[in-house]
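Me: I'd like to learn how to read a few backbone and helix features. Could you walk me through them?

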Amino acid sequence: MGTLNNLTVWNAGQYPHNIIGTIKRRDTVPEISRFLGIIIAMYYNDHAPPHFHAKYGDLEAVVAIDTGEVVGGTLPPRVLGLVQEWCEYHRAELMEDWNLARERKALKKIEPLV
């Protein structure tokens with residue numbers, strides 16, 4: 001794990017994936033937010049539709065930015081509710097980071113849920 005433009009970045013070998021067949025490893029995984037034990041990250045140049053990864057303990061889910069729906073993986077219901085609430089508040093910022101990631105540019109940190 002290291003940093004890039006004030007973002008925490010995991011090397012692919014350090015970041016565990018529990019979503020078989022839905023996540024393709026990338027060189028780095030920038031952490032864009034962290035709150036209540038939940039880590040929000042976004043891969044560079046990831047597949048459509050626009051989404052982010054939410055990790056909580058050993059669990060991980062892929063969440064669509066436009067709807068907040070889980071498109072892969074799983075989280076406990078209470079945690080998923082927090083992630084979806086955060087997504088709703090920060091949808092525009094998430095799309096901005098998604099577009100930056102597609103261009104392999106530095107992502108921006110997003111405020112946590114408080």
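**Reading the helix and the loops**

Reply: Happy to! This is a predicted model, and we can start with a length check on helix H1 (residues 77-89). With 1.5 Å for each residue, its 13 residues should span 18 Å, and the end C-alpha atoms lie 19 Å apart, which agrees.

Me: Which residues of H1 are buried?

Reply: The general idea comes first: an α-helix has 3.6 residues a turn, so residues three or four places apart point the same way. In H1, the buried residues are Val 79, Leu 80, Leu 82, Val 83, Trp 86 and Cys 87. They cover an arc of only 160° around the axis, which puts them on the same side of H1.

Me: What does the face of H1 turned away from its buried side carry?

Reply: That face has the exposed residues Pro 77, Arg 78, Glu 88 and Tyr 89.

Me: Now the backbone angles. Which peptide bond is cis?

Reply: Look at omega: the bond from Ala 48 to Pro 49 has omega near 0°, so to read it as cis is right. Pro 49 sits in the loop that links strand E4 (38-41) with strand E5 (51-56).Me: And phi: what is its value in Leu 36?

Reply: Phi of Leu 36 is near 50°, which is positive in a residue other than glycine. Leu 36 belongs to the loop between strand E3 (28-35) and E4.

Me: Is Leu 36 buried or exposed?

Reply: Leu 36 is exposed, as its relative accessible area is 58%, and the cut-off for exposed is over 50%.

Me: Where is Arg 104 found?

Reply: Arg 104 is in the segment after helix H2 (91-102). Arg 104 is not a glycine, yet its phi is positive, at about 55°.

How values were computed:
Residues are numbered from 1 along each chain as its sequence is written. This is a predicted model: local features need pLDDT of at least 70, side-chain atom pairs count only at pLDDT 80 or more; totals for chains, interfaces and linings use all residues. Side-chain values use heavy atoms; hydrogens and water are left out. Helices (H or I, at least four residues) and strands (E, at least two) are DSSP runs, numbered from the N terminus. Buried means under 20% relative accessible area, exposed over 50%, partly exposed in between (1.4 Å probe, protein chains only). The expected span of a helix is 1.5 Å times one less than its number of residues. The arc is that of the directions from the helix axis to the C-beta atoms.
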